[in-house]
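Please read the following report on one predicted protein model alongside its sequence and coordinates.

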Amino acid sequence: MSLPSILVTGGAGYIGSHVVLQLRARGERVVVLDDLSRGFRQAVIDAPLVVGKVGDRDTVTRVLREHAVDTVMHFAAYTIVPESVSEPLKYYGNNTCSTCTLLECCVGAGVRNFVFSSSAAVYGMPAEGSAAESTPTAPINPYGTSKLMSEWMLRDVASAAPLKYVALRYFNVAGSDPQCRVGQASPNATLLVKVACQAAVGKRAEVVIFGTDYATPDGTGVRDYIHVEDLATAHLDALRYLRGGGASTTLNVGYGHGYSVREVLASVERVSGKRLKVREQPRRPGDPPGLIARAERIRAELGWQPRYDDLDAIVRTALAWEQRLLSDPWK
Ligand code: UD1
């Protein structure tokens with residue numbers, strides 16, 4: 001019987017691949033399950049990879065058994081909000097129904113710890129633009145609803161089986177591994193920091209600002225941008241917490257302050273030394289004016305200590321990653 005492993009679903013994706021690197025750097029045994037529909041084989045580097053779907057009961061059961069998995073970190077999901085609006089069942093199927101199957105397999109295999117990638121999208125449009133864990137959940141798109149339903153399943157499973165969980169509600173993830181080994185590689189990414197860095201390296205002609213008439217200091221949307229390295233560390237903290245006997249919990253992961261679209265673009269110009277061509281357009285449907293984490297709990301409960309709470313530092317790594325992709329595009 002081998003030592004227990006951590007199953008990382010979606011470990012070939014943007015956030016999962018950063019967590020795999022940190023876990024392995026700490027000497028953890030890891031196995032990745034990814035169907036590579038949106039992830040990249042290169043992102044796994046040389047970690048063990050099983051190509052398959054989280055909703056495939058036979059594959060998941062086999063992996064849990066063969067690798068003696070006692071902890072699951074579940075990243076595999078579709079994440080594009082507008083796509084979730086036009087194809088809701090794709091999101092409920094891949095995000096919610098697959099999580100249900102995964103949880104059934106976990107309970108059957110006696111998995112003890114579960115760390116779940118949730119999202120600030122569960123809050124919808126909170127009053128005053130900030131959300132604590134106690135803020136009522138009110139998702140405004142199928143993506144957010146698909147994540148919230150998974151949170152509810154986890155809560156109920158954990159009260160009926162000896163499985164404990166930490167659900168992490170991510171705010172706006174950005175940046176990449178400072179050593180540029182992995183990063184956000186989707187060619188059609190829509191995330192602001194990525195899009196602006198693509199423009200700075202010449203991959204896009206311009207950046208569009210969606211909405212300049214919000215009731216925010218400069219009229220553009222405000223978000224809590226968090227470095228993917230700090231987000232990844234939150235998962236390792238969650239693991240330590242669960243192993244140490246911590247009770248199941250749901251936590252925001254953000255820095256607790258935000259930047260506007262214009263501030264992000266100014267940072268990209270500052271860091272890259274390039275002037276961006278910017279076009280102003282009407283608001284994007286479904287965008288809240290501001291979304292900032294109330295983020296005290298994760299520091300108190302997990303002892304999380306972010307290291308990259310600095311917009312230019314986030315942008316520097318995102319930009320270095322775009323430069324790497326220019327010479328070595330991932331397919
Ligand atoms: C992201 C996540 C969403 C999560 C949310 C949490 C994805 C695809 N989206 O959405 O799942 O729930 O964070 O806060 O992972 N903007 C522009 N021009 C652009 C792109 C964006 O002006 O080209 C603006 C947007 O209107 C918004 C801000 O930049 O004000 C951030 O947008 P974006 O990076 O797309 O992230 P969210 O929509 O906040």
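The report below takes up the sheet, the helices packed on it, one helix with a buried side, and selected salt bridges.

The model is predicted, so that local features need pLDDT of at least 70 and side-chain atom pairs count only at pLDDT 80 or more, while totals for chains, interfaces and linings use all residues. Residues are numbered from 1 along each chain as its sequence is written, and side-chain values use heavy atoms, with hydrogens and water left out.

**Sheet and packing helices**

Helices (H or I, at least four residues) and strands (E, at least two) are DSSP runs numbered from the N terminus, and two strands pair if DSSP finds at least two bridges between them. An open sheet of 7 strands, paired in parallel, follows the order S3-S2-S1-S4-S5-S7-S12. Strand S3 (49-51) and strand S12 (249-253) form its edges, each pairing on one side only. Strand S2 (residues 30-34) is joined to S3 by 3 bridges, and Leu33 stands opposite Val50 in S3.

Helix H5 (residues 142-160) lies across S5, strand S7 (164-170) and S12, and runs at about 155 degrees to S5; contact here means heavy atoms within 4.5 Å, and angles run from 0 to 180 degrees between N-to-C directions of axes fitted to C-alpha atoms, for helices over the stretch in contact.

**Helix H2**

Residues count as buried under 20% relative accessible area, exposed over 50% and partly exposed in between (1.4 Å probe, protein chains only). In helix H2 (residues 57-66) the buried residues are Thr59, Val60, Val63 and Leu64. They lie on the same side of H2 because they cover an arc of only 125 degrees around the axis, the arc being that of the directions from the helix axis to the C-beta atoms. These buried residues pack against S1, S2, S3, S4 and H4, whereas the face turned away from them carries the exposed residues Asp58 and Arg65.

**Salt bridges**

With a salt bridge defined as a side-chain nitrogen of Lys or Arg within 4 Å of a carboxyl oxygen of Asp or Glu, the whole structure holds 24, including the three tabulated here.

| Pair | N to O distance |
|---|---|
| Lys53 and Asp35 | 2.6 Å |
| Glu151 and Arg169 | 2.6 Å |
| Arg270 and Asp312 | 2.8 Å |

Arg270 lies in helix H8 (residues 261-272) and Asp312 in helix H10 (residues 311-327), so this pair ties together parts 42 residues apart in sequence. Both Glu151 and Arg169 are buried, whereas Lys53 is partly exposed at a relative accessible area of 46%. A network of salt bridges also links Arg38, Glu83, Glu87 and Lys90.
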